[in-house]
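Student: I have a chain to look at before the group meeting. Can we go through the basics?

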Amino acid sequence: MAIAGLRRISRNPTISLFSRTIISRSSATSSSPSAKVSDRIVKLIAYDFDGQKREIVGLSGQTLLKALTNHNLIDPASHRLEDIDACSAECEVNIAEEWLEKLPPATYDEQYVLKRNARHRILNKHSRLGCQVVLTQEMQGMVVAVPEPKPWDTPSWPSWE
């Protein structure tokens, strides 16, 4: 719904890109107006690429990517918009097997992006795109791992020395 709404809005030249981003994100993360923030908390276990275990907190209705970027496990600059068209390899996460079946199945677009990002390696069956996993209360305690950024997804800055 948020993507369809964004496409409809983007045809209106009077709305700025900043406004479209806010509209898109607010529609993806809004829940009932009477819900308390404490009722929306989803606690997750995340492992960074060094194997360090961290407890992170997200909100139901928020994407897994947002929760991971809020805890500095994924660089927010690597994924500026929470939209499948803006995906990079750094958005890819690995979900523990016992949680995979509890998630909605990956869409065709998500599978396409994951296969494209695999770059001729065998695709990990635990891979999902963090921007496509929307947190729910049923995901309390879900275990995810953030893989090391791929060499082709790591910006190389010129040396100023």
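Tutor: The questions below cover the fold, one strand and the rings.
Tutor: This is a predicted model, where local features need pLDDT of at least 70, side-chain atom pairs count only at pLDDT 80 or more, and totals for chains, interfaces and linings use all residues. Residues are numbered from 1 along each chain as its sequence is written, and side-chain values use heavy atoms, with hydrogens and water left out.

Student: How many helices and strands does the protein chain have?
Tutor: Six helices and five strands, counted as DSSP runs numbered from the N terminus (helices H or I, at least four residues; strands E, at least two). Their order along the sequence is α-α-α-β-β-α-β-α-α-β-β.

Student: Which strands pair with β3?
Tutor: Strand β4 (residues 127–129) pairs with β3 in the antiparallel sense over three bridges, and β5 (residues 143–145) is joined to β3 by two bridges, also antiparallel. Pairing requires at least two DSSP bridges between the strands. Asn94 has Ser127 of β4 as its bridge partner, while Ile95 has Val144 of β5.

Student: And the side chains of β3, buried or exposed?
Tutor: Glu92 and Asn94 point one way, Val93 and Ile95 the other, and all are buried, meaning under 20% relative accessible area with a 1.4 Å probe, protein chains only. Across the 161 residues of the protein chain, 37% count as buried.

Student: Changing topic, what sits over the ring of Trp99?
Tutor: The charged end of Lys102, 4.3 Å from the ring centre. The rule asks for NZ of Lys or CZ of Arg within 6 Å of the ring centre and within 35 degrees of the ring normal.

Conventions:
Buried < 20%, exposed > 50% of the residue type's maximum accessible area, 1.4 Å probe, protein only.
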